[in-house]
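Reader: I am new to this structure and should like to go through it with you. May we begin with the overall picture and then turn to the details?

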Amino acid sequence: MTTTAADGGTGVLAGEQRMLIDGGLTGASGGATFEVINPATEEVAGVAADGTPADFDRAVTAARRAFDANAGNWRDDVEFRARCITQLRDGLVRAQERLRRILVTEIGTPIAMTYGIQLAFPIEEAGYWPNQARNFEFLRDAGTHSGLGRTFRQKLQYIPVGVVAAITPWNAPLYLNVTESVPALLAGNAVILKPAQLTPWAGLELGRIAAEETDLPPGIFQVIVSNDNEVAAVLTADPRVDMVTFTGSTAVGRKILAAAAPTVKKTVMELGGKSTHIVLDDADLAQVLPRAAGGVCTMSGQGCTNATRILLPRGKLAEGLAILKASMDQFPYGDPWDMRTYSGPAISEVQRAKVLDLIEGAVTAGATLVTGGGKPAHLPTGYYIEPTLLSDVDPRSTIGQEETFGPVVTVTPYDTEDEAVAIANDTVYGLAGQISSGDDEHALAVALKIRTGTIGANVGGTFSMTSPLGGVRQSGLGRRYGDHGFEEYLEVKAIGLPARLTQR
Ligand code: NAD
């Protein structure tokens, strides 16, 4: 553990540099590293090992060997798996103050968010899955079946898929590293975690804890990073990898699906979104809209399920815009170390430029800039973006269709509910959404018409470890959480038996 010169009393840390390959913590072969930039200061906070093709090959070889050899009886001993993951969870708890500082440093996340999605939630999640696995019936009786003149008894055996590559993004790295790796491990797979290069430390720290504080057999859990996506892409093409679980952009998801096709890998894809919030005519705007605006701006707008497109009844447009503008002008953003801050900088200069380009393009396409729209003058250092409100946005325009991933709310007025539903459904995505109404039944009736993986009808978000999360259409394939999420990491084997075995 090293404290940087830029500490300034805030306890900024340089994180773990080493990868976890085949049970050992190691630098890259050849010793190369890449820089980790603190997006709030634009300074180099430290480095991480820059994995090479040889390192990736070693990791895949070790995973294949560990899985095929059933290291430590891994595939068959759910108690052992649950014990290892509980050790991992306990290690996270012991490391949580160090992790808190690492996460604020590498993501620029407000420290307040580490008491929720960025740190407290993944620790809770690592504690949730062991019991889910213990209670799962890996071998179950499935009754009697008939077909083609034959009657047979059936048992279903749920078996691990094999070697799983888990590839994660930077917006909530510890959470997504845990969400992808832990259930896959508890299902009996060997997992190679590849965190995003903008935020490598959350994953490398998980690897360090796994190596030093758990009994996970060598090769069963590995963490490997590279600054070069082409190097990492081998995980999606290597025939020795059986499955890819991925969270990230739809563009990269498409590439991974194409790379995985020749070897017919199983895939779970949690991709981008363009989620809509339909505010119905009977909604209380003063209650609904400040929370809606806050929900979009939190995490610098870098949340995949954010309902960034707000649809307002035309007769309430002026009132709604006034409320939204007031909320966004007061939104607490800036220094991530300040507990009162709810949004820090964008992750990188590239990401900020992309968001500012989308805003500029929207105005060129005819939208009205109500507030924000640029770099804040009072925050000259750090990749900050002003909370931005755009009105009269054409839902078919670029900003109406493409994921923004910035603190940008777009407003489009509508005349009828059918028109609002049509706008909400008219994107290539289908990840999340929200409906607000003064009447719960009314909200539900509209929610039933939206093509999306999750939707909140008068409840804001719908995020829970026991609730399936995922997208339809180009927002993804498969689900996280609960039984739905756990079964993604298993294959079901149907075993036919003589009908006389009914009682067994
Ligand atoms: P990204 O798609 O650019 O990268 C995600 C990961 O893929 C990174 O680890 C990256 O290094 C890796 N990668 C890139 N090219 C690759 C290739 N050819 N082969 C293998 N791996 C490759 O996404 P990002 O910019 O890190 O994250 C933002 C995106 O993540 C947004 O689109 C957001 O919607 C999405 N996201 C989705 C969910 C969800 O649950 N649906 C959750 C969080 C984030």
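Author: Certainly. This is a predicted model. The protein has 504 residues, for which a compact globule would have a radius of gyration near 23 Å; the protein has 24 Å, which agrees with that expectation.

Reader: What box do the C-alpha atoms fill?

Author: Taken along the principal axes, the C-alpha atoms of the protein fill a box of roughly 70 × 65 × 40 Å.

Reader: And how many helices and strands does the protein have?

Author: There are 16 helices and 22 strands in the protein.

Reader: Let us turn to the ligand. Which residues come nearest to the ligand?

Author: The ligand has 25 residues around it, and those that come nearest are Thr168, Asn229, Ser249, Leu271 and Glu403.

Reader: What is the make-up of that shell by class?

Author: The shell around the ligand consists of 13 nonpolar, 9 polar and 3 charged residues.

Reader: Where does Thr168 meet the ligand, at its backbone or its side chain?

Author: At its backbone: a polar backbone atom of Thr168 is 2.7 Å from an oxygen atom of the ligand. Asn229, by contrast, uses its side chain, with a polar atom 2.8 Å from a ligand oxygen. For Ser249, an N or O atom in the side chain lies 2.6 Å from an oxygen atom of the ligand.

Reader: How much of the ligand does the protein bury?

Author: The protein buries 90% of the 850 Å² that the ligand exposes when taken alone.

Reader: A change of topic, then. How many cavities of 30 Å³ or more does the structure hold?

Author: The structure holds 4 of them. The largest cavity contains about 100 Å³ of space.

Reader: Which residues lie nearest the centre of the largest cavity?

Author: Of the 17 residues that line the largest cavity, Lys274, Ser275, Thr276, Ala424 and Ala432 lie nearest its centre. The elements giving two or more residues to this lining are β14 (276–279) and β19 (433–436). The most comes from β19, with 3 residues. By class, the lining of the largest cavity divides into 8 nonpolar, 7 polar and 2 charged residues.

Reader: And how much space lies in the second largest cavity?

Author: About 70 Å³. Its lining includes Gly273, Lys274, Ser275, Cys304 and Glu403. Lys274 and Ser275 thus appear in the linings of both cavities, and Glu403 is also among the residues that come nearest to the ligand.

Reader: What are the classes in the lining of the second largest cavity?

Author: The lining of the second largest cavity has 2 nonpolar, 8 polar and 2 charged residues.

How values were computed:
Residues numbered from 1 in each chain as written. Predicted model: local features only at pLDDT ≥ 70, side-chain atom pairs only at ≥ 80, totals over all residues. Heavy atoms only, no water. Near = heavy atom within 4 Å. Polar contact = N/O pair within 3.5 Å; in protein donor to acceptor, adjacent residues only side chain to side chain. Areas by Shrake-Rupley, 256 points an atom, 1.4 Å probe, with all protein chains shown as cover. Nonpolar A, V, L, I, M, F, W, Y, C, P; charged D, E, K, R; others polar. 1 Å grid on protein atoms, 1.4 Å probe; cavity = no way out; pocket = protein on both sides within 12 Å on 5 of 7 lines; lining within 4 Å. Points joined across faces, edges and corners; volume = space filled by probe spheres on them. Helix = DSSP H or I, 4+ residues; strand = E, 2+ residues; numbered from the N terminus. Rg over C-alpha atoms; globule rule 2.2 N^0.38 Å.
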